Amino acid sequence: MNRMRDLLDEEVHEFPEHERAPVAGSPATPAHGRATRLAYVLVALLVGMTAGMGSALVNVNTQQLQRLFDLSANQVAWLPTSYVMTAVSANLLLIKVRQQYGLRRFALVFLGLYAALALAHLFVSDLGATLLLRATSGFVAVALIPLCLFHMMQALPSEWRLRGLVLGIGVTQCAMPLARVLSPSLLASQGPRSLFMFEAGLALLSLAAVGLVRLPPAVRVSVFKPLDLLIFVLMGGGLALIAAVLGLGRWEGWFQAPWILVSLLVAIPALVAAAAIDTYRETPLLNLRWLRRGDVARFAAAIFMARIVLAEQEVAVAVVKSLGATNHQLWTLSLVMFGGAVAGVLASAVSVNAEKLARPIMLSIGIVAIAALIDSAATDPHHLQRFYVSQAAIAFAGTFFLGPALLLGITSALQQGSRELISFIVLFGVVNALGALAGPALLGSHTDWSVAATGATQGAQLDTLRLAAGIAAFTTIYLAILLAIRIRRRLKELRALDFAGPALQPGAPDAPGVQSIDSGWRPPRPGNAPAAVFAAIAIVGVALLLAAWGLPAL
């Protein structure tokens, strides 16, 4: 029991002010040697891929899963939707879990749960049980994203920590294009079973890696209040019902399925009740007063619209198939999209500027508008080559904008305090999750209605691409207006500082001597017994990855 307690507990260490985390539940940021930084980078890449790959493999291969379980289009749509239904509100609870029980316990327990759920998929063939597993996995997988960010930020020196955050969130977004690249090989091995085997292998490797390479300790605080569970049930339940409507509305019929109207009639009052209760609490689960501010609301609207237009890629891939693309051409397109996504992450990390965060967001959506317009003119098989360029550009834009968007909200929230930072993280997760469902719902429904009206599938798809280009252009203009407002406000602040004189100018940065204090913390070496356990877990993970491709296990 003592060994288990030592494995899960955070060690006590006094860090200097500049190494302390801004909020409880996040690790301190001491200086590390090169070898330690490299270890953190590798763990961040592994955990980030694990966090995104679970949903990506299912989203990319819904048709294969439909055949495996002999499902209708309506039924198979529940697989990705059930995952998002629980993930959309998970941060409401998970952030407080991390703060209350400690980062180390949070990391190992949730990675262990995720690995167990991934393994359980290998032994389940019933749709109901599979949906339960997907829903639980969606909730647990949200815990992996901050672990990826924390490890990546530890890998970089203090002056590059923002770049680490951009890289971390970008890694999780590269999972979808990578899943498109890997899926043909996985399916050729053991069919859809290989998808879950691959997911389980990654999960076990991530558990072993996080267990062996410790993050710096985080401060624990008692944050749970009696009404938190009620707020979570009301707000989480309402968001889950809205996610179900967005994910299934196209397939069930927006105006035909009675449960859609019933879900909305339940979700909206639940959200209103949660907001009403939380607004008047001394320690609310979310600071809704801050979230209703104009800047925050406009930011949320911009990110939501950006997520919608990025669904253009699904329609574009359908157009490529309708133009007669071979399997090799589709795989090459997937590889090009993955390359574009990786390039977007790297470019975003290199070019990120804390003073100019709105510009890359506007640039990214402008790229999507131009690329979607180019795609909409493809009417001949000879036009397939265009998609290599346009889809690489959209994949680049999809990862290029996300890091600055996250930083833009974080910097704004930190000016108000740690509670607002937590509120923003929850808002960011909700907007991204619902936007990722709303995009395919809107564009897919438009395609279905156009096909019903004209009877021409390809023409309807091209018309949908033009719609996506129009939405992207509108979003770009909207972002340009927001950027102009920010610039005008900044200039006004600078003029006010000039008028006030040097007495009110920002002070000089801390002296180098203060900032150079080293806490002396180094990742502790695991004991022999924990090291042996994690090594065994890693071996099982590697064996599952090899088995996913039909290769002999170790």
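A salt bridge is a side-chain nitrogen of Lys or Arg within 4 Å of a carboxyl oxygen of Asp or Glu. By that definition the structure, a predicted model, holds seven salt bridges.

**Exercise 1. Salt bridges**

Task: Classify the surroundings of the pairs Arg20–Glu17, Asp228–Arg281 and Asp448–Arg250, and state which residues are joined into a network by shared partners.

Solution:

Step 1. Start with Arg20 and Glu17, whose side chains meet at 2.9 Å, N to O. Glu17 has a relative accessible area of 59% and is therefore exposed. Arg20 is at 41%, so the label here is partly exposed.

Step 2. Next take Asp228 and Arg281, which form a salt bridge at 2.8 Å, N to O. This pair links distant parts of the chain, 53 residues apart: Asp228 is in helix 13 (residues 228-252), and Arg281 is in the loop between helix 14 (258-279) and helix 15 (288-291). Asp228 counts as buried because its relative accessibility is 2%. Arg281, at 12%, counts as buried too.

Step 3. The third pair is Asp448 and Arg250, with the closest N and O atoms 2.7 Å apart. Here too distant parts of the chain are linked: Asp448 belongs to helix 22 (residues 418-454) and Arg250 to helix 13, with their positions 198 residues apart. Asp448 has 31% relative accessibility and counts as partly exposed. Arg250, with 27%, is likewise partly exposed.

Step 4. Finally, look for shared partners. Salt bridges of this kind join Lys96, Asp228, Asp278 and Arg281 into one network.

**Exercise 2. His151**

Task: Locate His151 in the secondary structure, decide whether His151 is buried or exposed, and list its contacts beyond the sequence neighbourhood.

Solution:

Step 1. His151 is placed in helix 9, which covers residues 144-154.

Step 2. The relative accessible area of His151 is 0%, so this residue is buried.

Step 3. Set aside the neighbours within four places in sequence. The remaining contacts of His151 are Tyr40, Val43, Ala44, Val210, Val213 and Leu215.

**Exercise 3. Cysteines**

Task: Explain why Cys148 and Cys174 do not form a disulfide, and give the burial of each.

Solution:

Step 1. The count of disulfides in the structure is zero. Cys148 accordingly takes part in none, and the nearest cysteine sulfur to its own belongs to Cys174, 10 Å away.

Step 2. A disulfide requires sulfur atoms within 2.5 Å. The sulfur of Cys174 has that of Cys148 as its closest cysteine sulfur, and 10 Å is too far for a bond.

Step 3. Cys148 has 0% relative accessibility and is buried. Cys174 is buried as well, at 7%.

**Exercise 4. Aromatic rings**

Task: Assign a geometry to the ring pairs Phe396–Phe400 and Phe424–Phe428, and place each pair in its helix.

Solution:

Step 1. There are seven aromatic pairs in total. In the pair Phe396–Phe400 the ring centres are 5.2 Å apart and the planes meet at 15°. Planes under 30 degrees apart count as stacked, so Phe396 and Phe400 form a stacked pair.

Step 2. Phe396 and Phe400 lie four residues apart in helix 20 (residues 384-400), which means a separation of about one helical turn. Phe396 is partly exposed at 23% relative accessible area, whereas Phe400 is buried at 8%.

Step 3. For Phe424 and Phe428 the centres are 5.6 Å apart and the planes are at 40°, so this pair is tilted. Both residues sit in helix 22, four residues apart, and about one helical turn separates them. Phe424 and Phe428 are both buried.

Step 4. Phe424 and Phe428 also belong to one aromatic cluster with Phe299.

**Exercise 5. A charge over a ring, and a long-range approach**

Task: State how Arg98 is placed relative to Phe106, and describe the location and burial of Ala543 and its separation from Phe198.

Solution:

Step 1. Arg98 lies over the face of Phe106, and its distance from the ring centre is 5.8 Å.

Step 2. Ala543 is part of helix 25 (residues 528-548). Its relative accessible area is 18%. Because buried means under 20%, Ala543 is buried.

Step 3. Ala543 and Phe198 are 345 residues apart along the chain, with their C-alpha atoms separated by 9.8 Å.

Note on methods
Residues numbered from 1 in each chain as written. Predicted model: local features only at pLDDT ≥ 70, side-chain atom pairs only at ≥ 80, totals over all residues. Heavy atoms only, no water. Helix = DSSP H or I, 4+ residues; strand = E, 2+ residues; numbered from the N terminus. Buried < 20%, exposed > 50% of the residue type's maximum accessible area, 1.4 Å probe, protein only. Contact = heavy atoms within 4.5 Å. Phe/Tyr/Trp six-rings, centres within 6.5 Å; stacked < 30°, edge-to-face > 60°. Lys NZ or Arg CZ within 6 Å of the ring centre and 35° of its normal.
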